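Reader: I'm new to looking at how protein chains meet. Could you walk me through this one?

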6 protein chains.
Amino acid sequence: MRPSGRKLDEMRAVSIETGITKHAEGSCMIRVGDTHVLCTATIEDRVPPFIKGSGLGWVTAEYGMLPRSTTSRMRREATAGKQGGRTVEIQRLIGRSLRAGVDRVALGERQITVDCDVIQADGGTRCAAITGGWVALRQAVNTLMKAGDVTSDPLVSPVAAVSCGLYAGQPVLDLDYAEDSEAGVDGNFILRGDGRLIEVQMSAEGATFSRGEMDQLIGLAETGVAALVDAQAAALA
Amino acid sequence: MRPSGRKLDEMRAVSIETGITKHAEGSCMIRVGDTHVLCTATIEDRVPPFIKGSGLGWVTAEYGMLPRSTTSRMRREATAGKQGGRTVEIQRLIGRSLRAGVDRVALGERQITVDCDVIQADGGTRCAAITGGWVALRQAVNTLMKAGDVTSDPLVSPVAAVSCGLYAGQPVLDLDYAEDSEAGVDGNFILRGDGRLIEVQMSAEGATFSRGEMDQLIGLAETGVAALVDAQAAALA
Amino acid sequence: MRPSGRKLDEMRAVSIETGITKHAEGSCMIRVGDTHVLCTATIEDRVPPFIKGSGLGWVTAEYGMLPRSTTSRMRREATAGKQGGRTVEIQRLIGRSLRAGVDRVALGERQITVDCDVIQADGGTRCAAITGGWVALRQAVNTLMKAGDVTSDPLVSPVAAVSCGLYAGQPVLDLDYAEDSEAGVDGNFILRGDGRLIEVQMSAEGATFSRGEMDQLIGLAETGVAALVDAQAAALA
Amino acid sequence: MRPSGRKLDEMRAVSIETGITKHAEGSCMIRVGDTHVLCTATIEDRVPPFIKGSGLGWVTAEYGMLPRSTTSRMRREATAGKQGGRTVEIQRLIGRSLRAGVDRVALGERQITVDCDVIQADGGTRCAAITGGWVALRQAVNTLMKAGDVTSDPLVSPVAAVSCGLYAGQPVLDLDYAEDSEAGVDGNFILRGDGRLIEVQMSAEGATFSRGEMDQLIGLAETGVAALVDAQAAALA
Amino acid sequence: MRPSGRKLDEMRAVSIETGITKHAEGSCMIRVGDTHVLCTATIEDRVPPFIKGSGLGWVTAEYGMLPRSTTSRMRREATAGKQGGRTVEIQRLIGRSLRAGVDRVALGERQITVDCDVIQADGGTRCAAITGGWVALRQAVNTLMKAGDVTSDPLVSPVAAVSCGLYAGQPVLDLDYAEDSEAGVDGNFILRGDGRLIEVQMSAEGATFSRGEMDQLIGLAETGVAALVDAQAAALA
Amino acid sequence: MRPSGRKLDEMRAVSIETGITKHAEGSCMIRVGDTHVLCTATIEDRVPPFIKGSGLGWVTAEYGMLPRSTTSRMRREATAGKQGGRTVEIQRLIGRSLRAGVDRVALGERQITVDCDVIQADGGTRCAAITGGWVALRQAVNTLMKAGDVTSDPLVSPVAAVSCGLYAGQPVLDLDYAEDSEAGVDGNFILRGDGRLIEVQMSAEGATFSRGEMDQLIGLAETGVAALVDAQAAALA
């Protein structure tokens with residue numbers, strides 16, 4: 001029934017390749033089917049003004065798409081003169097999601113910026129960015145711990161994300177672009193490795209959903225995130 | 001237990017006053033406790049480029065806060081040179097939510113812009129904007145129908161929104177600012193008058209939540225939205 | 001002869017309602033006929049760089065129009081990416097006018113920002129903003145004096161403004177939009193309560209005027225401002 | 001009494017040199033004392049959207065200051081990313097003033113843009129820009145008439161401007177920078193060659209003025225403008 | 001003598017991997033040592049306004065660096081609100097260089113945009129972008145020819161680029177970052193496959209050079225470009 | 001053969017007039033044929049952040065064109081909201097070129113900004129800007145030396161620039177606009193008074209060139225710069 005022939009609860013193939021760039025404190029290329037996102041983590045000693053002097057750390061994220069990561073070429077946001085609304089929404093989501101897995105006291109007064117740049121898009125880029133971003137973050141934190149700059153591990157639990165939605169009336173896991181552009185209802189589910197929910201963003205364009213459908217989609221998301229957390233662990237091993 | 005003394009499932013006082021400005025095709029001031037939002041609806045004969053010639057209508061929204069709607073003065077976005085990320089997120093949400101109650105074929109190739117400007121803020125401004133925005137939209141559509149420009153009612157069901165969250169470990173309905181700034185987990189729930197879900201945005205800053213808690217919050221939201229839909233109907237009567 | 005049926009030297013009905021928002025140190029809604037402007041005053045302990053350390057205070061203003069305050073919807077300046085030329089001109093005028101009633105030594109090194117947001121426009125918004133802005137400023141200064149932060153009253157005289165012009169060849173007081181869009185010559189007159197002139201901005205689009213006509217218009221303005229100063233006093237009583 | 005030793009009603013030396021640039025349809029360098037402004041006029045066949053198809057012409061102006069036209073270097077507006085509020089105010093004034101001397105029906109549906117760039121500033125740059133701008137405009141219109149593109153002269157009367165103010169309590173004509181920075185009250189007076197007033201902008205920073213003083217300043221302005229109109233005629237002869 | 005141990009006339013290892021993204025009409029990852037640039041080519045049926053209707057084609061380029069392609073993280077240009085001066089210079093150079101190898105009549109009225117995004121930087125990114133950009137362009141043109149949209153090959157000769165400079169007083173080929181940041185004199189040499197020069201940009205920061213040294217560097221560049229043209233051919237085979 | 005009737009190796013008439021503005025520490029109007037550029041130099045005690053505390057000085061440049069310096073009016077960059085790519089390239093080139101003649105240790109920790117504003121353009125504006133800019137810089141440095149702020153002369157050698165190119169297949173010196181718009185190959189050559197090369201920017205639009213042609217052009221440039229250096233010396237004498 002799905003355009004790709006996948007089963008309703010079947011994820012696309014996931015691979016996470018680390019060590020992509022030599023400069024960053026953490027980096028990986030995450031591939032979820034044909035969605036490829038390059039994630040890097042950068043450690044800096046400064047924090048945003050609103051927490052200066054608080055002793056707390058900060059994790060933030062930025063997101064971008066290469067102009068030809070999509071079927072037709074998108075205008076480069078640097079030439080448009082600003083990040084679009086969708087970009088801003090997504091990078092705020094990535095940052096908020098990653099922070100949910102971080103003990104900011106243990107991190108200490110420093111900032112880690114996770115950059116997520118989409119090399120090739122086929123649906124679910126923000127979820128891939130969160131999942132890959134956590135791997136880059138983990139590597140950067142490992143660097144801090146090896147150097148003795150941080151003594152107690154500030155990462156309390158892995159964080160991963162998957163999209164689910166109603167496609168042709170059926171709840172499906174991990175929508176690709178073909179499904180995403182048809183689905184009237186879809187959502188992004190961000191969970192921790194221990195199964196706790198961090199963020200749920202269900203939205204409908206020209207459709208609605210019930211409490212029961214919502215519950216089914218969360219169930220699918222739990223399955224998907226469990227697989228993603230395994231892939232994160234394997235990449236970091 | 002709540003700072004305001006309200007019960008866990010108790011909304012703030014809601015009032016919706018219509019006819020606020022003489023120029024707009026629809027307008028109201030919605031007051032949810034100390035949160036006051038002025039909503040206007042404007043009908044235009046043009047539609048965005050991506051649907052030109054499709055015969056479909058469009059409903060969109062813009063959101064703003066007056067500089068001193070908040071405890072300390074915010075910088076005016078027009079002087080900052082752009083709308084901030086939060087503003088963009090919110091106005092996209094308002095537009096998407098209102099469209100979920102609209103039959104865009106019946107509306108015909110025209111655009112209705114709903115402007116939501118916060119006069120005074122005390123938590124829950126985006127939910128108030130959706131609820132009040134729907135009233136302004138309803139009035140504008142009534143104008144079209146009276147003029148015979150639209151023959152079949154394009155508004156399929158009222159749309160309203162409320163925020164719920166976990167405050168001091170308890171699920172509470174309709175968070176005010178004092179609660180919102182403390183709640184680790186909170187969400188915005190947009191529903192139609194028939195009880196169908198349109199959008200759910202649950203997020204956690206430094207906390208997590210379970211499937212069960214999520215379900216409890218949806219239950220509260222159903223109660224709240226039912227009351228809001230009654231207030232909409234009363235204002236329009 | 002006037003579209004509204006008013007006499008040549010007749011102002012529109014004026015009302016000033018204070019206490020509009022709970023957060024601001026001063027606030028009012030001024031209504032001059034169908035022109036409605038919300039004015040708030042905000043006290044801040046910082047001053048602009050060019051007077052830092054001088055011991056002098058500063059009063060400044062910002063002006064905006066809600067998108068649907070006008071007959072057809074205006075583009076929101078925050079989405080346009082900047083304040084237009086007209087807005088900048090007006091807010092500079094408001095600030096300059098209010099400062100003419102302020103003893104900046106007595107105010108001490110702090111800044112008061114007066115925000116004037118037009119809720120509904122029907123001509124004369126900048127004059128209404130000045131007149132209402134002074135009320136908000138007065139309230140804010142009262143707060144400082146009650147708190148003992150300021151000992152000698154820095155407000156030396158009320159400031160108010162009215163527009164006058166030549167309509168159908170006749171000098172008229174307080175132009176509304178219907179008159180303003182027809183008048184070849186019109187001006188804004190800002191005066192203090194003691195009758196001294198602060199600012200006169202006479203301009204003509206496709207017309208000219210004589211010294212005698214100018215003098216007549218100033219005479220009308222004196223009448224109008226006297227009435228406005230009374231309305232300010234009544235609102236503050 | 002004046003820093004320059006001039007009498008109260010004495011203008012600075014005025015010279016207007018035409019033919020400054022070979023590309024423009026009209027150009028001059030106006031020097032009013034040490035204030036030097038380069039003015040050019042450009043004819044274009046297009047008009048702004050709001051008068052397209054009306055058969056009416058348009059005259060507009062732009063104003064700029066070279067970064068080192070002033071005592072200390074100013075930031076270049078092109079690097080600041082926008083024209084400042086003062087610039088916008090001034091160029092709107094120049095355009096409005098010049099249009100007051102133009103019969104837009106006779107001009108026909110074309111636009112003339114007058115660029116006024118300050119090479120060296122010593123007070124009164126906007127008045128010099130108007131006076132010199134009119135000369136460039138006159139030359140450009142002459143070109144149109146010689147070519148037969150315009151048959152009836154669209155320039156109804158020369159336009160010139162001068163600043164006057166209260167310096168050390170005395171009304172003085174044509175303020176230079178030393179006077180302008182001290183004067184509590186000063187104004188710009190734009191008149192036609194026939195003595196009719198086009199625009200009066202009196203403003204006070206930290207001071208006020210009476211009707212009588214205003215009248216005295218207009219008297220001075222009439223004297224000054226008469227001399228400027230003679231200088232315009234001589235330059236064009 | 002060189003930090004990398006290379007001989008004076010020795011290039012870094014070069015590899016060009018095609019087929020990097022599935023959406024673009026042409027794509028490759030070029031690696032020149034540790035400098036990695038992703039190049040894509042996009043065909044569009046529109047051309048810039050200045051050649052509309054001329055029958056001529058256009059080739060243009062855009063350049064960007066991922067924030068963490070460098071040793072320390074760079075600010076993302078999309079958040080800075082504009083492309084920096086260096087970026088603009090580089091992308092203009094890439095476009096101009098590629099066009100030198102294109103017969104724009106044979107291309108026909110269409111545009112090919114070459115996007116060059118630096119994944120990892122270690123000196124010479126603009127030269128790598130040109131060399132890799134030509135490969136992507138070649139692939140895109142092949143697509144057009146296979147489809148019969150273009151009948152005569154519009155690519156007249158391959159284009160490639162290399163940097164050379166004076167390092168420790170010696171002329172060296174293909175500077176890496178360690179050399180580039182020390183070299184007082186360095187240049188970018190863009191040549192066609194037939195050895196003709198297209199562009200030479202020699203510049204010195206705190207140093208100068210002679211005609212003889214310039215000639216030596218061109219000689220080195222000829223050697224380097226010959227090798228790059230071979231690598232292009234191999235990648236496309 | 002040349003449109004102007006000049007010989008292949010003949011420069012246009014050059015004049016450099018100093019003392020153009022009374023405010024700047026150095027200023028001149030350079031005229032190379034019909035290309036007229038006003039250059040000013042401004043001394044400031046601050047330096048850019050990246051050399052603060054280093055004891056080194058900085059020389060930078062900004063470039064602009066008046067809107068009607070060209071045949072058709074150009075849009076003012078201040079209204080466009082940013083400097084265009086060409087402007088940024090040129091002002092970076094001017095600054096880099098001038099710095100090549102400066103001993104930044106001897107200059108001491110201060111900045112000199114050279115503003116180059118094109119009053120009338122007829123080809124070669126950037127070269128004229130460099131040549132005239134050096135004269136303004138020399139004057140500003142003389143001021144510092146007379147005041148004893150600088151003891152050893154930081155200007156090691158004059159810097160001047162000229163464009164050369166292939167016009168109708170022939171190498172020609174100092175291209176004017178008519179030649180420049182036809183020449184397939186042209187370049188800017190910046191040299192010091194002692195004949196050392198500082199920067200060479202050869203580029204071709206729709207053409208190529210050989211090593212031999214490049215060498216011929218450098219020969220012409222040496223001749224031209226020698227004449228320009230004489231003109232600089234004469235202007236400063």
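**Where chain F meets chain D**

Author: Sure, and keep in mind that this is a predicted model. Let's start with the contact: chain F puts in 36 residues, and chain D puts in 36 residues.

Reader: What area is buried between chain F and chain D?

Author: Carbon and sulfur atoms give 49% of that area. On the chain F side, F:His23, F:Arg68 and F:Arg73 supply 26% of what chain F buries against chain D, more than any other three residues. The whole buried area comes to about 2,800 Å².

Reader: How many salt bridges are there between chain F and chain D?

Author: Take one pair to get a feel for it: F:Asp115 bridges to D:Arg73, with the closest N and O atoms 2.6 Å apart. That counts because the cut-off for such a pair is 4 Å. Between chain F and chain D, the count is 14 salt bridges.

Reader: Which element gives the largest share of the side of chain F that touches chain D?

Author: β3 (35–44), β4 (58–65), α1 (77–80) and β5 (111–120) of chain F each supply at least two residues of that side. The largest share is six residues, and it comes from β5(F).

Reader: Now for another pair, what relation do chain A and chain E have?

Author: Chain A can be laid on chain E with an RMSD of 0.0 Å, using a turn of 180° and a shift of 0.0 Å along the axis. The same surface serves both copies, as 100% of the contact residues of chain A recur in chain E. So the turn and shift give the relation of a two-fold axis.

Note on methods. Residues are numbered from 1 along each chain as its sequence is written. Chains are lettered from A and ligands numbered from 1 in the order in which they are written. This is a predicted model: local features need pLDDT of at least 70, side-chain atom pairs count only at pLDDT 80 or more; totals for chains, interfaces and linings use all residues. Side-chain values use heavy atoms; hydrogens and water are left out. Contact means heavy atoms within 4.5 Å. Buried area is the accessible area (1.4 Å probe) that two parts lose on being put together, summed over both. A salt bridge is a side-chain nitrogen of Lys or Arg within 4 Å of a carboxyl oxygen of Asp or Glu. Helices (H or I, at least four residues) and strands (E, at least two) are DSSP runs, numbered from the N terminus. Copies are superposed by least squares on the C-alpha atoms of residues with pLDDT of at least 70 in both.
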